[in-house]
Amino acid sequence: MADIIEIQNRIRTFERTLNSRMTEDEISYGLLHMCDQIRIPEKPVMWSSSNKFYRARKLDSSDLNRLKGWKKDDFWEVPEEKVLDYGRLNRPHESVLYLSNSPIQTLKEIRFDSSKSIPVVISCFQVKKEFESVLVGGAYRDSVSSEDRNSVAIQNLYTDFFRNEFSKPVGLGTEYLYKLSNAIAKDFYDLPFEISKAWTYPAVDNVDNISNYNVAFRSNVASNFIDFKGAVVLKKILKQGAVIPICFDSNYQLFLSNNNWIKDLFGFGYKKA
């Protein structure tokens, strides 16, 4: 059994060698070498009918008339042929539906800037069929017997590493970190579909807030477990409330904003546009 110092050295060596020129296969090889002969524990997360999820999508312009042409597919995952780059849990041409369990968090995920004039569409989904997911970097143990303290401490080192690296914010010049997050999820947290329908992971920029999580569904399965409940078109968030000029109902049809409906689904205070 490796000791803690050896594992710390393995992790540091991997961190030093990680760079933007590496392929996903090279990153995956480095991770597997780093974790050689160490079992990485998994932790399931169950989502029930009481849970809502949210997805934010930036519009290309401030022209809301273009929303008249939106169809059902515009609110769900991006078609495979339009996925050209890596995302946190997708490779090119792999379609994954990314959701947050908080409407404010989904805005953080897309770096929404309320001072700009580009609106976003926030969709609300409700769980219709209970499903289980696996929590990336979530099987942390803090209560152990004296005989296995070393092995549990080692597992916790890896769990901390995976959780922190997986949810790192990605920006211009650090897109290669999406190759790392894909390798982490698919080498260590890729359970059979019968067990796990999705991945759950700490919200980006909020790894210390245990109530904020993101969920990413495997390709082409989300509609089996969640229903679309409606969407709001958000222009700004002010102290007086969210500026929402128009909404979509559960049938994907446009309608004028309704304060009670918005508060019930999204929890926003509403300011008439």
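Biologist: How many helices and strands does the protein have?
Modeller: This is a predicted model. The protein has 6 helices and 13 strands.

Biologist: What makes the radius of gyration agree with a compact globule?
Modeller: The protein has 273 residues, so a compact globule would have a radius of gyration near 19 Å. The protein has 20 Å, which agrees. Along the principal axes, the C-alpha trace spans about 65 × 40 × 35 Å.

Biologist: Why is strand 7 called mostly covered?
Modeller: Buried means under 20% relative accessible area. In strand 7, residues 213-217, 4 of the 5 residues are buried. Across the protein, 46% of the 273 residues count as buried.

Biologist: How do you know that strand 7 pairs with strand 3?
Modeller: Two strands pair if there are at least two bridges between them. Strand 3, residues 97-100, is joined to strand 7 by 4 bridges, so the two count as paired. They run antiparallel. Leu-97 has Phe-217 of strand 7 as its bridge partner.

Biologist: What joins strand 6 to strand 7?
Modeller: There are 5 bridges between strand 6, residues 198-202, and strand 7. With at least two needed, these strands therefore pair as well. They also run antiparallel. Tyr-201 is matched with Asn-214 in strand 7.

Biologist: How far apart are the mean positions of the positive and negative charges?
Modeller: They are 9 Å apart, for 37 positive and 35 negative charges.

Biologist: What share of the accessible surface belongs to carbon and sulfur atoms?
Modeller: The share is 47%, out of about 14200 Å² for the protein.

Methods. Residues are numbered from 1 along each chain as its sequence is written. This is a predicted model: local features need pLDDT of at least 70, side-chain atom pairs count only at pLDDT 80 or more; totals for chains, interfaces and linings use all residues. Side-chain values use heavy atoms; hydrogens and water are left out. The radius of gyration is taken over C-alpha atoms; the globule rule is 2.2 Å times the number of residues to the power 0.38. Buried means under 20% relative accessible area, exposed over 50%, partly exposed in between (1.4 Å probe, protein chains only). Accessible areas come from the Shrake-Rupley method with a 1.4 Å probe; for residues, only the protein chains shown count as cover. Lys and Arg count as positive and Asp and Glu as negative; His and the chain ends are not counted. The place of a charge is taken as NZ of Lys, CZ of Arg, CG of Asp or CD of Glu.
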